[in-house]
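Work through these exercises with the model open beside you. Try each task before reading its solution.

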Amino acid sequence: MKQNSQLVPSFKWLIAIATLAFFALSIYGGSAFAHAKLVKSDPPNRATLSIAPKQIQLWFNEEIEGSFASISLHDADGKSVTDTSPETVPDDLKTVVLPLPEIAPGRYTVNFRILSTDGHVVESDYSFTLKNAEQ
Ligand SMILES: [Cu+2]
């Protein structure tokens, strides 16, 4: 019991510090709205395609550091099916393109990681399905 009563003040401090940290983080997190955001993709999120896409193109709401962008495509087993880097589009700094090899029917996940011009990394993923041509 003695030990317990000694612990109480330090728990209060912990809560105070945690609360401060939480507010500090939420203020910092508020600047997240300045990051580049994905506004459009081709193939679109959750699309079901009957023709294999030749490339993946991502569009953002603002310019990104295209040379630091990475896009990868993973099959349903999580295996990467691409080994190339995305290309920038010279007259549109808000977009990146990843040329694709021939891909088999199945469910795919697009993972992307880009660098906003404000220096923050934005990382996310989405998926699409390629169905058999005969279906
Ligand atoms: Cu940012």
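**Exercise 1. How many bridges join strand 4 to strand 7, and in which sense do the two strands run?**

Step 1. This is a predicted model. Count the bridges: 5 of them join strand 4 to strand 7. The two strands run antiparallel.

Step 2. Pick one pair. Ile71 stands opposite Phe112 in strand 7.

Step 3. Look at the two faces of strand 4. Ile71 and Leu73 make up the covered face. Ser70, Ser72 and His74 make up the uncovered one.

**Exercise 2. Find the order of the open sheet with mixed pairing, and name its edge strands.**

Step 1. This open sheet has 4 strands, in the order 2-8-7-4. Its pairing is mixed.

Step 2. The edges are strand 2 (48-49) and strand 4, and each pairs on one side only.

Step 3. Now take strand 7 and strand 8. They run antiparallel and are joined by 10 bridges. Across this pairing, Leu115 stands opposite Val121 in strand 8.

**Exercise 3. Trace the antiparallel sheet from edge to edge.**

Step 1. The order is 1-3-6-5, an open sheet of 4 strands. Strand 1 (38-42) and strand 5 (87-89) are the edge strands, each pairing on one side only. From one strand to the next, the twist averages 25°.

Step 2. Start at strand 1. It pairs with strand 3 in the antiparallel sense over 4 bridges. Here Lys40 stands opposite Trp59 in strand 3.

Step 3. Go on to strand 6. Strand 3 and strand 6 run antiparallel, with 5 bridges between them. Trp59 has Thr95 as its bridge partner in strand 6.

Step 4. Finish at strand 5. Strand 5 and strand 6 (residues 92-99) pair in the antiparallel sense over 3 bridges. Thr88 has Val96 as its bridge partner in strand 6.

Step 5. Check the faces of strand 3. Ile56, Leu58 and Phe60 are on the covered face. Gln55, Gln57 and Trp59 are on the uncovered one.

**Exercise 4. Which strand gives the most to the largest nonpolar core?**

Step 1. Size the core. It has 16 residues. Those with the most contacts inside it are Ile56, Leu58, Ile71, Val110 and Ile114.

Step 2. List the strands that each supply at least two residues: strand 3 (55-60), strand 4 (70-74), strand 6, strand 7 (106-115) and strand 8 (121-130).

Step 3. Strand 7 gives the most, with 4 residues.

Step 4. Follow one member outward. Leaving aside neighbours within four places in sequence, Val110 is in contact with Ile56, Ile71, Leu73, Asp125, Tyr126 and Ser127.

Step 5. Put this in context. In soluble globular proteins, nonpolar side chains tend to be buried together.

**Exercise 5. Is Ser80 buried or exposed?**

Step 1. Locate it. Ser80 lies in the loop between strand 4 and strand 5.

Step 2. Apply the cut-off: a residue is exposed with 12 or fewer other C-beta atoms within 10 Å. Ser80 has 11 such neighbours, so it counts as exposed.

Step 3. Check its contacts. Not counting residues up to four places away in sequence, Ser80 touches Ser72, Leu73 and His74.

Step 4. Compare sequence and space. Ser80 and Thr109 are 29 residues apart in sequence and 9.3 Å apart in space, C-alpha to C-alpha.

**Exercise 6. Inspect the backbone in the loop between strand 1 and strand 2.**

Step 1. Pro43 lies in this loop. The peptide bond from Asp42 to Pro43 is cis, with omega near 0°.

Step 2. Arg46 is found in this loop too. It has a positive phi of about 65° although it is not a glycine.

Step 3. Recall the usual case. Most residues other than glycine have a negative phi, and most peptide bonds are trans.

Step 4. Judge exposure. Arg46 counts as exposed because it has 9 C-beta neighbours inside 10 Å.

**Exercise 7. Where in the protein chain is confidence lowest, and where is it highest?**

Step 1. Lay out the chain. It has 1 helix and 8 strands, in the pattern α-β-β-β-β-β-β-β-β.

Step 2. Take the overall value. The mean pLDDT is 87, and 83% of residues reach 70 or more.

Step 3. Find the extremes. Confidence is lowest in helix 1 (residues 2-30), at a mean of 68. It is highest in strand 2, at 98.

Step 4. Read with care. Where pLDDT is low, the predicted coordinates should not be read in detail.

Technical notes. Residues are numbered from 1 along each chain as its sequence is written. This is a predicted model: local features need pLDDT of at least 70, side-chain atom pairs count only at pLDDT 80 or more; totals for chains, interfaces and linings use all residues. Two strands pair if DSSP finds at least two bridges between them. Axes are lines fitted to C-alpha atoms, for helices over the stretch in contact, and angles run from 0 to 180 degrees between N-to-C directions. A nonpolar core is a set of buried Ala, Val, Leu, Ile, Met, Phe, Trp, Tyr and Cys residues joined through C-beta atoms within 7 Å. A residue is buried if 20 or more other C-beta atoms lie within 10 Å of its own, exposed if 12 or fewer, and partly exposed in between; C-beta atoms are placed from the backbone. Two residues are in contact if their C-beta atoms, placed from the backbone, lie within 7 Å. pLDDT is the predictor's confidence in each residue, from 0 to 100.
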